[in-house]
Amino acid sequence: MENLAQKQTNTGKKPMTKKRTIHIDMTPMVDLGFLLITFFMLATHFSQPNVMDLGLPAKSPTPTNTVIDFRNQITFLIGKDNRIFYYQAESKDLNKNVLKETTFEGNQIAKIISNAKKAAPIPDIFTVIIKPTDDSSYKNFVDMLDNMAITQNERYGISDIKPIEKDIYTSAIEP
């Protein structure tokens, strides 16, 4: 004590006091965080995934090689940038002039399908063939399936695009 008093009188300053560190107890904050997480997990409901029902036929034990006349079918090629093309011709007659373009707006596709089905020789076996290209979007594919539901056409197929169709599609989208 004497040294401290001497130092104080010698220098004229107050003695240095030891600084305390501030300590914050985070335990209540962590408890509150877990309570909030638990509350929100129990109080909310998770959204159900939207699923589209695809009615697929049962596999038959014997494969059938049914060839449908081109007048009883229509083929849609789903392209990039919301473009869709269709044709109703045989593969050997397919060219750039046969390939027609339409849009997804309104009920354009439904009208095309309905008109082609009315003009078909045997409307009971009228089939729509959907061929998405590598450039197409999933949304456009779903829109096409929605059009199948709108027209109540239960006979449709989803297939890969053939090389001849790809060549004609490529020439149709080029400026």
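In this predicted model, strands β1 and β4 run parallel to one another and are joined by six bridges. One of the facing pairs along this seam puts Ile78 opposite Pro132 of β4. On its other flank, β1 meets β2, this time in the antiparallel sense, and four bridges hold that pairing. Here Thr75 has Tyr87 of β2 as its bridge partner, while Leu77 sits across from Phe85 of β2.

The link between β1 and β2 is a hairpin with five residues between the strands, and within the hairpin Asp81 adopts a positive phi near 55°. Past the hairpin, β2 (residues 84-87) goes on to pair with β3, again antiparallel, through three bridges. Phe85 turns up here too, standing opposite Glu101 in β3, and Tyr86 has Lys100 of β3 as its bridge partner.

Put together, the strands make an open, mixed sheet of five, ordered β3-β2-β1-β4-β5. The edges belong to β3 (100-102) and β5 (156-158), each of which has a pairing partner on one side only. Between neighbouring strands the average turn is 25°, leaving direction aside.

How much of β1 is covered? Mostly everything: six of its six residues are buried. In a regular strand, side chains alternate between the two faces of the sheet. That pattern is easy to follow in β1, where Gln73, Thr75 and Leu77 point one way and Ile74, Phe76 and Ile78 the other, every one of them buried. The story carries over to β2: Ile84 and Tyr86 face one way, Phe85 and Tyr87 the other, and all are buried.

Helices account for some of what lies over these strands. Helix α3 (residues 108-119) lies across β1 (73-78), β2, β3 and β4 (127-132), with its axis at about 155° to β1. Helix α5 (residues 163-173) also lies across several strands, namely β1, β2 and β4, and runs at about 130° to β2.

Helix α4 spans residues 138-150. Its 13 residues cover 18 Å from the first C-alpha to the last, close to the 18 Å expected at 1.5 Å a residue. Which residues of α4 are buried? The set is Asn140, Phe141, Val142, Met144, Leu145, Asn147 and Met148. An α-helix has 3.6 residues a turn, so residues three or four places apart point the same way. And what do the buried residues of α4 pack against? The partners are β1, β2, β4 and β5 from the sheet, plus helix α3. Just after α4 comes Gln152, which takes a positive phi of about 55°.

Terms used. Residues are numbered from 1 along each chain as its sequence is written. This is a predicted model: local features need pLDDT of at least 70, side-chain atom pairs count only at pLDDT 80 or more; totals for chains, interfaces and linings use all residues. Side-chain values use heavy atoms; hydrogens and water are left out. Two strands pair if DSSP finds at least two bridges between them. Helices (H or I, at least four residues) and strands (E, at least two) are DSSP runs, numbered from the N terminus. Axes are lines fitted to C-alpha atoms, for helices over the stretch in contact, and angles run from 0 to 180 degrees between N-to-C directions. Contact means heavy atoms within 4.5 Å. Buried means under 20% relative accessible area, exposed over 50%, partly exposed in between (1.4 Å probe, protein chains only). The expected span of a helix is 1.5 Å times one less than its number of residues.
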